[in-house]
Amino acid sequence: QVQLVESGGGLVHPGGSQRLSCAASRNIFGITVFSIKDLGWYRQAPGNQRELVAAISLDGSTNYTDHVKGRFTISRDNAKTMVYLQMNNLKPEDTAVYYCNTVPATDRYWGQGTQVTVSS
């Protein structure tokens, strides 16, 4: 089984930074997922649908939704089965629960997410 565990969320002031981490199971399943799948960070704000905000392919190329382009950076470490999201210049509208998953998402991989709250 593959488990994805997100961490690093919290309360941050507008304009601040936060780094999210996602750890996948370090078993054959997690290692396999990291070796063959594109990965992404998703977020869901209250009352909204979950949306993909950042994606990274196997070769390291990245894509971002326009809302976060220039402020967020996604990276991955396949050897450690980790994926990261560096978030800078955070805005109140970035407040959401953030999740990692494959791209496209795999339903059984959804974890608990990590709450990011941007507020003064």
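This is a short tour of the structure above, one selection at a time.

Before you click, know that the model is predicted: local features need pLDDT of at least 70, side-chain atom pairs count only at pLDDT 80 or more, and totals for chains, interfaces and linings use all residues. Residues are numbered from 1 along each chain as its sequence is written, and side-chain values use heavy atoms, with hydrogens and water left out.

**Stop 1: the whole chain.** Show the cartoon and you'll find one helix and ten strands. Starting at the N terminus, the order is β-β-β-α-β-β-β-β-β-β-β. Here helices (H or I, at least four residues) and strands (E, at least two) are DSSP runs, numbered from the N terminus. The C-alpha trace spans about 45 × 25 × 20 Å along its principal axes. Now switch on the surface: 45% of the 120 residues count as buried. Buried means under 20% relative accessible area, exposed over 50%, and partly exposed in between (1.4 Å probe, protein chains only).

**Stop 2: L11.** Select L11, which sits in strand β2 (residues 10-12). Is L11 buried or exposed? L11 counts as exposed, because its relative accessibility is 62%. Setting aside neighbours within four places in sequence, L11 is in contact with T117 and S119, where contact means heavy atoms within 4.5 Å. Try a distance too: the C-alpha atoms of L11 and T95 are 9.2 Å apart, though 84 residues separate them along the chain.

**Stop 3: R43 and D94.** Next, hunt for salt bridges: the whole structure has four. A salt bridge is a side-chain nitrogen of Lys or Arg within 4 Å of a carboxyl oxygen of Asp or Glu. Pick R43 and D94, whose closest N and O atoms are 2.9 Å apart in one such bridge. This pair links distant parts of the chain, with R43 in strand β4 (residues 38-44) and D94 in the loop between β8 (82-87) and β9 (96-103). R43 counts as buried at 6% relative accessibility, and D94 is buried too, at 0%.

**Stop 4: add R71.** Keep D94 on screen and which residue comes next? D94 also forms a salt bridge with R71, the closest N and O atoms being 2.7 Å apart. R71 lies in the loop between β6 (62-64) and β7 (72-77), 23 residues from D94. Salt bridges that share partners join R43, E51, R71 and D94 into one network, so select those four together to see it.

**Last stop: D66 and K69.** Finally, select D66 and K69, whose side chains meet in a salt bridge (3.1 Å, N to O). D66 counts as exposed, at 64% relative accessibility.
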